[in-house]
Amino acid sequence: MEAVIEEISDYERERGKPAPSLNHAYVQSNLLFGSHMKYRGSYSILPELDLLMADGLIIVPDIAIYPKLRIDFLHDIQSMTTMPLTVVEIISPSHRNADRSNDDILAKFERYFAAGVKSCWLVIPSFKAISVYSAPGTYQFFMHDSTLVDPATGIELPLAEVFE
């Protein structure tokens, strides 16, 4: 039997996750736009931001939600050391092994919670659904015809707008 070697893209090597698909990008765009339009006065909603964990590992969520940040355009930050209130991870069909990617995401959520993140969203485009985790193993599941409610932030988003 011949060994199968999976090729890892530069994106996956640099970001620690597979390159996003069309559905992934579409849902990410809708989440960013919808939440920004409704909550821009209260929150900074940022895509693909490097989070520097206490152990030196950098993790890049699809979206990070912070209390409103003051942006200094003269002094940029490459990696955030302050953890966001919420992180959003979007499942992409480009994940090679669904079981492994689910385990990886849940392990990532455990790291986020240990670092002080208050909620983690797991977006599943193929189901038109989002699970909002308030602790490891504790979540609410929202379907395409309901409104997501995140108790940690008070953010509410109709999923019909996210998956339309």
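**Close-up views of a predicted model**

**View 1. K128 in its loop.** K128 has a relative accessibility of 40%, so this residue counts as partly exposed: the value falls between the 20% and 50% limits. Please keep in mind that this is a predicted model. Look for K128 in the loop that links strand 6 (119-124) to strand 7 (129-135). The backbone is worth a glance here, since K128 is not a glycine and still has a positive phi, near 50°.

**View 2. E48, another residue with a positive phi.** The loop in this view joins strand 1 (43-47) to strand 2 (51-52), and E48 sits in it. Which sign does the phi of E48 have? The angle is positive, at about 50°, although E48 is not a glycine.

**View 3. S44 and its surroundings in strand 1.** We stay with strand 1, where S44 is found. Is S44 buried or exposed? Its relative accessible area is 8%, so S44 is buried, given that the buried class covers values under 20%. A polar atom of the S44 side chain lies 2.8 Å from the backbone nitrogen of L69. Setting aside neighbours within four places in sequence, the contacts of S44 are with A64, I65, Y66, P67, K68 and L69. L69 therefore appears in this view both as a contact of S44 and, through its backbone nitrogen, as the partner in the 2.8 Å pair.

**View 4. The second largest pocket.** This pocket holds about 270 Å³ of space. Its lining is made up of L46, L49, L69, R70, I71, D72, F73, H75, D76, I77 and M80. How many of these lining residues are nonpolar, polar or charged? Seven are nonpolar, one is polar and three are charged. L69, whose backbone nitrogen was paired with the S44 side chain, is one of the lining residues.

**View 5. I58 in strand 3.** I58 belongs to strand 3 (residues 58-59). With a relative accessible area of 41%, I58 is partly exposed. Which residues does I58 touch, not counting those up to four places away in sequence? They are D50, L51, L52 and S79. The view also takes in M80, which helps to line the second largest pocket. I58 and M80 are 22 residues apart along the chain, and their C-alpha atoms are separated by 9.2 Å.

**View 6. E110 in helix 3.** Helix 3 spans residues 98-114 and includes E110. A relative accessible area of 47% makes E110 partly exposed. Follow the chain for ten residues and you arrive at C120, with 9.5 Å between the C-alpha atoms of E110 and C120.

**View 7. The whole chain, for orientation.** Four helices and ten strands make up the secondary structure of the protein chain. Along the sequence, these elements follow the pattern α-α-β-β-β-β-β-α-β-β-β-β-β-α. The chain has 164 residues, 40% of which count as buried. Of the contacts between residues at least 6 apart in sequence, 52% join residues at least 24 apart.

**View 8. Confidence along the chain.** The mean pLDDT of the protein chain is 88, and 83% of the residues score at least 70. Where do the extremes among the elements lie? Strand 4 (residues 63-67) has the highest mean pLDDT, 98, whereas helix 1 (residues 10-15) has the lowest, 54. Where pLDDT is low, the predicted coordinates should not be read in detail.

Notes. Residues are numbered from 1 along each chain as its sequence is written. This is a predicted model: local features need pLDDT of at least 70, side-chain atom pairs count only at pLDDT 80 or more; totals for chains, interfaces and linings use all residues. Side-chain values use heavy atoms; hydrogens and water are left out. On a 1 Å grid over the protein atoms alone, a cavity is a set of points where a 1.4 Å probe fits but cannot get out, and a pocket is an open set with protein on both sides within 12 Å along at least five of seven lines; lining residues have an atom within 4 Å of a point. Grid points are joined across faces, edges and corners, and a volume is the space filled by probe spheres set on the points. Ala, Val, Leu, Ile, Met, Phe, Trp, Tyr, Cys and Pro count as nonpolar, Asp, Glu, Lys and Arg as charged, and the others, Gly among them, as polar. Helices (H or I, at least four residues) and strands (E, at least two) are DSSP runs, numbered from the N terminus. Buried means under 20% relative accessible area, exposed over 50%, partly exposed in between (1.4 Å probe, protein chains only). pLDDT is the predictor's confidence in each residue, from 0 to 100. A polar contact is a pair of N or O atoms within 3.5 Å; within protein, one must be able to donate a hydrogen and the other to accept it, and residues adjacent in sequence count only if both atoms are side-chain atoms. Contact means heavy atoms within 4.5 Å.
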